[in-house]
Amino acid sequence: MKIDKDIHIASTLDGTFYNSAEKLEESKSKLFERSWQVIGEEDLVKVPQAAYPFEFMDGFITEPLLLTRDKEDNLHCMSNVCTHRGNILVNNPCILSGGISCSYHGRRFGTDGCFKAMPETDGMKDFPSERDNLEKHL
Ligand code: FES
């Protein structure tokens with residue numbers, strides 16, 4: 001690929017660029033993961049503890065995401081995938097009055113994505129750790 005700021009020297013991208021799965025993945029990480037993206041109107045999560053699960057651009061980014069508004073009125077965008085065994089945490093828009101609770105083994109998170117608790121884990125070594133929090137995107 002020959003890219004040059006001088007249009008007189010630059011050439012058109014080869015057609016294979018537009019059909020390359022590798023270039024698509026590269027573009028996702030270089031363009032979309034590093035820049036602000038529009039999710040929707042702020043009223044998707046109108047009130048404190050509201051949650052809105054979504055997929056960015058209908059599956060273009062394959063990680064299920066969750067938009068929330070916490071009790072202090074702060075917005076958060078995070079992974080909607082449990083950090084234990086990958087269960088989807090929230091399936092429909094709702095009010096999370098008790099925070100986020102995984103229906104599989106009961107792991108709980110705050111509406112900011114921070115790990116709170118999990119049944120039967122008292123005394124476990126190095127638990128919880130940072131990797132038990134939901135991955136945050138906002
Ligand atoms: S998959 Fe969520 S607690 Fe196990």
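This passage goes through the fold of one chain, from its overall layout down to single residues.

The model is a predicted one, so local features are taken only where pLDDT is at least 70 and side-chain atom pairs only at pLDDT 80 or more, while totals for chains, interfaces and linings use all residues. Residue numbers start from 1 along each chain as its sequence is written.

Start with the overall layout. The chain has two helices and seven strands, with helices (H or I, at least four residues) and strands (E, at least two) read as DSSP runs and numbered from the N terminus. The radius of gyration comes out at 20 Å, well over the 14 Å that the globule rule gives for 138 residues, so the chain is more spread out than a compact globule. That radius is taken over C-alpha atoms, and the globule rule is 2.2 Å times the number of residues to the power 0.38. In sequence order the elements read α-α-β-β-β-β-β-β-β. Along the principal axes, the C-alpha trace spans about 65 × 40 × 20 Å.

The domain assignment splits the chain into domain 1 (1-35) and domain 2 (40-138); such bounds come from an automatic or database assignment. The C-alpha centres of domain 1 and domain 2 sit 34 Å apart.

Burial is counted with C-beta atoms placed from the backbone: a residue is buried with 20 or more other C-beta atoms within 10 Å of its own, exposed with 12 or fewer, and partly exposed in between. By that count, 17% of the 138 residues are buried. As for contacts (C-beta atoms, placed from the backbone, within 7 Å), 34% of those between residues at least 6 apart in sequence join residues at least 24 apart.

On the helical side, α2 (21-32) has zero buried residues among its twelve, so it lies largely in the open. The geometry of α2 is as expected: at 1.5 Å a residue its twelve residues should span 16 Å, and the end C-alpha atoms are 16 Å apart, which agrees. The expected span here is 1.5 Å times one less than the number of residues. Lysine 46 follows in the loop between α2 and β1. Lysine 46 is exposed, with 11 other C-beta atoms within 10 Å. Its C-alpha atom is separated by 33 Å from that of glutamate 25, 21 residues away along the chain.

Then come the sheets, where two strands pair if DSSP finds at least two bridges between them. One open sheet has four strands in the order β3-β2-β1-β4, with antiparallel pairing. Its edge strands are β3 (75-79) and β4 (94-95), each pairing on one side only. β1 and β2 run antiparallel and are joined by four bridges; proline 53 stands opposite leucine 66 in β2. β2 and β3 pair over five bridges, again antiparallel. In this pairing, leucine 67 stands opposite cysteine 77 in β3, and arginine 69 has leucine 75 as its bridge partner. The hairpin of β2 and β3 has five residues between the strands, and aspartate 73 there takes a positive phi near 75 degrees. Four of the five residues of β2 are buried, so this strand is largely enclosed by the rest of the structure.

The other open sheet has three strands, ordered β5-β6-β7 and paired antiparallel. β5 (100-101) and β7 (115-117) are the edges, each pairing on one side only. β6 (residues 108-109) is joined to β7 by two bridges, and phenylalanine 109 stands opposite phenylalanine 115 in β7.

Finally, the core. The largest nonpolar core has 15 residues, and those with the most contacts inside it are Ala51, Leu66, Leu89, Val90 and Ile100. β1 (50-54) and β2 (65-69) each supply at least two residues of this core. A nonpolar core here means a set of buried Ala, Val, Leu, Ile, Met, Phe, Trp, Tyr and Cys residues joined through C-beta atoms within 7 Å. Leaving aside residues up to four places away in sequence, isoleucine 100 touches Leu89, Val90, Arg108, Phe109 and Thr111.

Methods. Contact = placed C-beta atoms within 7 Å.
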